[in-house]
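Here's a walk through one chain, with the sequence and the fold side by side. Keep the structure open and follow along.

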Amino acid sequence: MGKVVLITGASSGIGREAAILLGEQDHTVYAGARRADRLAELAGHGITPVEMDVTKGEDNERVVDQVIESEGRLDVLINNAGCGLYGPIEDVPLDDARYQFEVNLFGLAHLTQVVLPHMRAAGSGRIVNISSMVGRIYTPMGAWYIATKHALEGWSDCLRYETAPFGIQVVVVQPGSIHTEFASLTAKQLNELSDDSPYRAHIDMLRKRVSDPGAADRPVGAREVAEVYVKAATTRRPRRRYATGARARPWMMTRRWLGDRAFEYLLHRSVR
């Protein structure tokens, strides 16, 4: 039987591709995003577009109410909406850092809180949280983005433990390097940083790496990663975590088994 799915951040990239794939598999899909104009074409795929900003509680409540009123249930929530903030810790304004947490953690958390009572009442449900390989490792100039993903990993584990008695499953997806607009937005952020930053040399190295990744770091396509989203959302017995995309598994394994000193050495060599 097809599932009723709400996916956020569906106006572009992996979220858009995942929404389309789910629709093609005869699931009932509600695709949310702030940019309503970019959602309109999804209706042609049998998907219901919903304008929403996950940092606004009233949006989250309105959309969940809409799904429940129309379908009577909500089987799967895919928390895909997010944004990346790159730059040296010393240079990034704390207001920008706080907004990063509002989008990547607190907005997601509120939407989940709104959904949970309906899943508990049904005695089943699945929440798929989109983390990143940097939820387990770290890379230069991404401290605030990485902090949100580290927080999401721990938050998801606690959520899984708390909701399991109610038949609710929690799955984490950890993408690596992906061919979406994320890389170009990161490069744009780095280009806008001050030329007199004391971290200029590191900024320039990362900007070059983002703009021209080596063969081993070549991003995979959004649709390939979207297929993992769909598997995490619909397979009968999901794993707790799915790592996907360029270098995700090797980097996380390296961090886990070699320890801090060895990982920092390899990281330093990779961005030279």
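Which residue stands opposite Y30 in strand 3? The partner is T48. One thing to keep in mind while reading on: this is a predicted model.

## Strand 2 and its neighbours

Strand 2 has a partner in strand 3 (residues 48-51): the two run parallel and are joined by 4 bridges. There is also strand 1 (residues 4-7), which pairs with strand 2 in the parallel sense, again over 4 bridges. In that pairing V5 sits opposite V29 of strand 2. To get from strand 1 to strand 2 the chain goes through helix 1, and this β-α-β crossover is right-handed.

How much of strand 2 is buried? Of its 6 residues, 5 are buried, so the strand is largely enclosed by the rest of the structure.

## Two positive phi angles

Most residues other than glycine have a negative phi. D26 goes the other way, with a positive phi of about 70° although it is not a glycine. Look for D26 in the loop between helix 1 (13-24) and strand 2 (28-33). With a relative accessibility of 64%, D26 counts as exposed.

M141 also has a positive phi, near 70°, and is a residue other than glycine. Its place is the loop between strand 5 (125-130) and helix 4 (143-163). Is M141 buried or exposed? M141 is buried, at a relative accessible area of 13%.

## Salt bridges

Side chains of opposite charge can pair when their charged atoms come close. Here the structure holds 11 salt bridges. One of them joins the side chains of E17 and R223, at 3.0 Å from N to O. E17 belongs to helix 1 and R223 to helix 7 (residues 222-234), so the pair ties together parts that are 206 residues apart in sequence. E17 is buried at 17% relative accessible area, while R223 is partly exposed at 34%. Both take part in a network of salt bridges that links R16, E17, E24, E41 and R223.

Helix 4 gets involved too. R136 and E153 meet through their side chains in a salt bridge (3.6 Å, N to O). R136 is in the loop between strand 5 and helix 4, and E153 in helix 4 itself, so this pair ties together parts 17 residues apart in sequence. E153 is buried, with a relative accessible area of 3%, whereas R136 counts as partly exposed at 40%. Then there's R241 with D157, a salt bridge whose closest N and O atoms are 3.0 Å apart. R241 lies in strand 9 (residues 241-244) and D157 in helix 4, so the parts tied together here are 84 residues apart in sequence. D157 counts as partly exposed, at 29%.

## A nonpolar patch on the surface

Which residues form a nonpolar patch on the surface? They are M253, W257, L258, Y265 and L266, and together they have about 570 Å² of accessible area. Y265 is found in helix 8 (residues 248-270) and is exposed, at 51% relative accessible area. M253 is in helix 8 as well and counts as partly exposed at 45%. M253 also lies 9.4 Å from I137, C-alpha to C-alpha, with their positions 116 residues apart in sequence.

## Cysteines

How many disulfides does a search of the whole structure find? The count is 0. As for individual cysteines, C83 is partly exposed at 26% relative accessibility, and C158 is partly exposed at 46%.

Methods: Residues numbered from 1 in each chain as written. Predicted model: local features only at pLDDT ≥ 70, side-chain atom pairs only at ≥ 80, totals over all residues. Heavy atoms only, no water. Patch = residues over 30% accessible without salt bridge, like charges linked within 9 Å, V, L, I, M, F, W, Y side chains within 5 Å. Areas by Shrake-Rupley, 256 points an atom, 1.4 Å probe, with all protein chains shown as cover. Salt bridge = Lys/Arg side-chain N within 4 Å of Asp/Glu carboxyl O. Buried < 20%, exposed > 50% of the residue type's maximum accessible area, 1.4 Å probe, protein only. Pairing = 2+ DSSP bridges. Right-handed = clockwise from strand over helix to strand, strands pointing away. Disulfide = S-S within 2.5 Å.
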